[in-house]
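Me: I would like a close look at one part of this protein. Please take the helix that packs against its neighbours and walk me through the surroundings.

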Amino acid sequence: MATILAIVALSLLIIVHEFGHYICAVATGMKVDRFSVFGIGPVVARLGVWRGTEFVISAIPFGAYVHIVGMEADDAPSLAVAEGGRPGEVPQHDPNDPTLYRNRPIWARMLAILGGPLANYLTAMVLGFVALTMIGNEVPLSMRVDNVVEPAAQTAGLLPGDELYKIAGEDVTGRGTQDKILATTAAHKGETVAMVVRRDGQEVALDLPLTAEGKIGIQMSPGDVTRETHPVGIAAKTAVLFPIKFSAFQLDALGKWVTGRIEGKMSGPVGIVREIAKSAERGIEAFLEIAIKMSTLLGLFNLLPLPALDGGRFVFLLWEAVTRRRVTPRIEETVHGIGMLALLGLILWVTIRNDLFSHLFG
């Protein structure tokens, strides 16, 4: 069930992306003749026609796509339906038709290309606002020992499961518990301090030597927690800023990974679905958190200046804006076609090597 929910969630994020392209294209006077609201590939079901756009379901049950007339070099004929025509007709368009993508002003074409990523960022912000105002998040009230790392901490008698209560006479529980622990230990670097932990419902007193850096020598996780929602103003600000900050963090990590400064592992669709499914099993908060991150990453990934992606198409538009000259449509489509093949090859390789092989053989 969690896997099905994950597939539906990821598909919905892709549909949102394509809807962003659709609404921006239509709003700027372009003709969209087909919107596959679910799936890619051959059409298996026609849902109807609205304002010249045929809405369909396609054979491969993943994602969605929008066809904006005039985007491809050989795309003068509409692929779906003429005004007042029947689905499947192939009407001809005047090459000077102002509704063709290639005939719209450059600002309109830029907006149509950016509409998908913008829709993903907006979705992430809305989901974040809903999560913060209606569901809230868990706030730790105490910290628990997960693992004892330093030999001195082991010798002092700390055990996994111990809940930190007092350090050097200071109560380190309540809101901001982790900050309290760090501040107290930092004030007693290299000293042996009295510590009280709660173990099996009993208070246990220990004498703990802190490291020269003021560390206890343990790995911690939240113990007692409470859930709280946020005021509308704070929630709105946090929800808007999070996708931006998360994108900056991901770009920084990508740069370090490309230059070899950090190690990383790419995931394909199978791995992404698996992670979303795991979050769904942990509850609504974890599920919404990863949905927000996935929506942001989908928008960010498509903004990368690579052929076949929205960012790659936007680069050509920037070139046109700066030089006042359009790249030959055939050349642009060739670049995007090669880029699409390379992208599909990369996705297939990552899926087999990192998602399937590593999952099956560890």
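Reply: What follows starts with the whole chain, then turns to one helix, its partner and a few single residues.

This is a predicted model, so local features need pLDDT of at least 70, side-chain atom pairs count only at pLDDT 80 or more, and totals for chains, interfaces and linings use all residues. Residues are numbered from 1 along each chain as its sequence is written, and side-chain values use heavy atoms, with hydrogens and water left out.

The protein chain has 9 helices and 12 strands. Helices (H or I, at least four residues) and strands (E, at least two) are DSSP runs, numbered from the N terminus. Of the chain's 362 residues, 40% count as buried. Buried means under 20% relative accessible area, exposed over 50%, and partly exposed in between (1.4 Å probe, protein chains only). The accessible surface is about 19800 Å², and carbon and sulfur atoms hold 63% of it. Those areas come from the Shrake-Rupley method with a 1.4 Å probe; for residues, only the protein chains shown count as cover. Contact means heavy atoms within 4.5 Å. Among contacts with a separation of 6 or more, 65% join residues 24 or more positions apart.

Now the helix itself. Helix α2 covers residues 106-135. That span is 100% helix and 0% strand, and its end C-alpha atoms lie 42 Å apart. An unreviewed UniProt entry lists residues 106-135 as "transmembrane region", along with 334-352. UniProt positions are given in the numbering used here, feature names are shortened, and annotations may be inferred rather than shown by experiment.

Its partner here is α7. The axes of α2 and α7 come within 8 Å and cross at roughly 160 degrees. That makes α2 roughly antiparallel to α7. Axes are lines fitted to C-alpha atoms, for helices over the stretch in contact, and angles run from 0 to 180 degrees between N-to-C directions. Angles under 35 degrees count as roughly parallel, over 145 as roughly antiparallel, 65 to 115 as roughly perpendicular and the rest as oblique. The crossing of α2 and α7 is left-handed. A crossing is left-handed if the near helix is turned anticlockwise from the far one by less than a right angle, and right-handed if clockwise.

The α2 residues in this interface include L114, P117, Y121, T123, L127 and I135. On α7, the residues met include L288, I292, S295, L298 and L303.

T123 deserves a stop. T123 counts as buried because its relative accessibility is 18%. Leaving out residues up to four places away in sequence, T123 touches L13, V16 and S295.

Helix α7 (residues 284-303) also meets helix α5 (residues 232-258). Their axes come within 10 Å and cross at roughly 60 degrees. That makes α5 oblique to α7. This crossing is right-handed. From α5, the contacts include F242, F246 and L251; from α7, they include I292, T296 and L300.

Two loop residues away from this helix pair complete the tour. D200 sits in the loop between β9 (192-199) and β10 (202-209). Its phi is positive, about 55 degrees, although D200 is not a glycine. D200 is exposed because its relative accessible area is 77%. R324 lies in the loop between α8 (310-323) and α9 (329-361). R324 also has a positive phi, near 65 degrees, in a residue other than glycine. With a relative accessible area of 75%, R324 is exposed.
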